[in-house]
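Biologist: I am new to this protein and would like a close look at a single part of it, the nonpolar core. Could you walk me through that part and what surrounds it?

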Amino acid sequence: EILMKFVQPRIFNIEGSWKNEDGDLKVKDENRVLTDKLVPILVENQITFKYTDGEVTELKAKSDLSEEILNIYKGVLNIFNLPLRNNGRSVYTTVENGIEGRCKT
């Protein structure tokens, strides 16, 4: 099992497109309302999960952890989900689960 815990998270507002022409993140300012509300909860809690063959599995959290906080953890863990499958050629494919559903890439 792998332990995940936020240490010093900050929440920012992003203006317009999330990247500028140079590919840099366009951060407008820190969202103090959400930072003040969510950061103490994120810092106080942790989750555990298993990571096998590029997939995050068996997520475990305290039963009283709010859905809002759990979804923040899931969003971060989604970055690590990358199960690659070789289709017999020199091309690898995967199916990604995102907000829009399952997408073959």
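Modeller: Happy to! Please keep in mind that this is a predicted model. The mean pLDDT is 81, and 81% of the residues reach 70 or more. Confidence varies along the chain: among the elements, β1 has the highest mean pLDDT, 92, while strand β6 (residues 85–86) has the lowest, 64. Where pLDDT is low, the predicted coordinates should not be read in detail.

Let me start with the overall layout. The protein has two helices and nine strands, and from the N terminus the elements follow the order β-β-β-α-β-β-α-β-β-β-β. Of its 105 residues, 20% count as buried.

Now to the part you asked about. The largest nonpolar core is made of 11 residues: M4, F6, I11, L38, L42, I47, F49, L65, I69, Y73 and L77. Three elements, α1 (32–44), β4 and α2 (67–78), give two or more residues each to this core. The biggest share comes from α2, with three residues. As a general background, nonpolar side chains in soluble globular proteins tend to be buried together.

The two helices are a good place to look next. α1 and α2 pack with their axes 11 Å apart and at an angle of about 75°, which means that α1 is roughly perpendicular to α2. On the α1 side of this meeting you will find K37, L38, I41 and L42; on the α2 side are E68, I69, I72 and Y73. Follow I69 in particular: leaving out residues up to four places away in sequence, I69 touches L38, I41 and L42. Two of the names in that list, L38 and L42, are also members of the core, as is I69 itself.

From the helices we can turn to the strands. β4 belongs to an open sheet of three strands, in the order β1-β4-β5, with antiparallel pairing. β1 (2–5) and β5 (55–60) are the edge strands; each has a single partner, so one side of each is left without a neighbour in the sheet. From one strand to the next, the twist averages 40°.

Take the pairing of β1 with β4 (residues 46–52), which is antiparallel and runs over four bridges. Here I2 has F49 as its bridge partner in β4, and K5 has Q46. F49 is one of the core residues, so you can trace a path from the sheet pairing into the core by way of F49. On the other side, β4 and β5 also pair in the antiparallel sense over four bridges. T52 has E55 in β5 as its bridge partner. These two strands form a hairpin with two residues between them, and D53 in the turn has a positive phi of about 50°.

Finally, have a look at L65, a core residue that lies in the loop between β5 and α2. L65 is buried, with a relative accessible area of 12%. Setting aside its neighbours within four places in sequence, L65 is in contact with N45, I47 and L70. L65 and Q46 are 19 residues apart in sequence, and their C-alpha atoms are 9.4 Å apart in space.

Note on methods:
Residues numbered from 1 in each chain as written. Predicted model: local features only at pLDDT ≥ 70, side-chain atom pairs only at ≥ 80, totals over all residues. Heavy atoms only, no water. Pairing = 2+ DSSP bridges. Axes fitted to C-alpha atoms, helices over the stretch in contact; angles between N-to-C directions. Core = buried A, V, L, I, M, F, W, Y, C linked by side-chain atoms within 4.5 Å. Buried < 20%, exposed > 50% of the residue type's maximum accessible area, 1.4 Å probe, protein only. Contact = heavy atoms within 4.5 Å. pLDDT = per-residue confidence, 0-100. Parallel < 35°, antiparallel > 145°, perpendicular 65-115°, else oblique.
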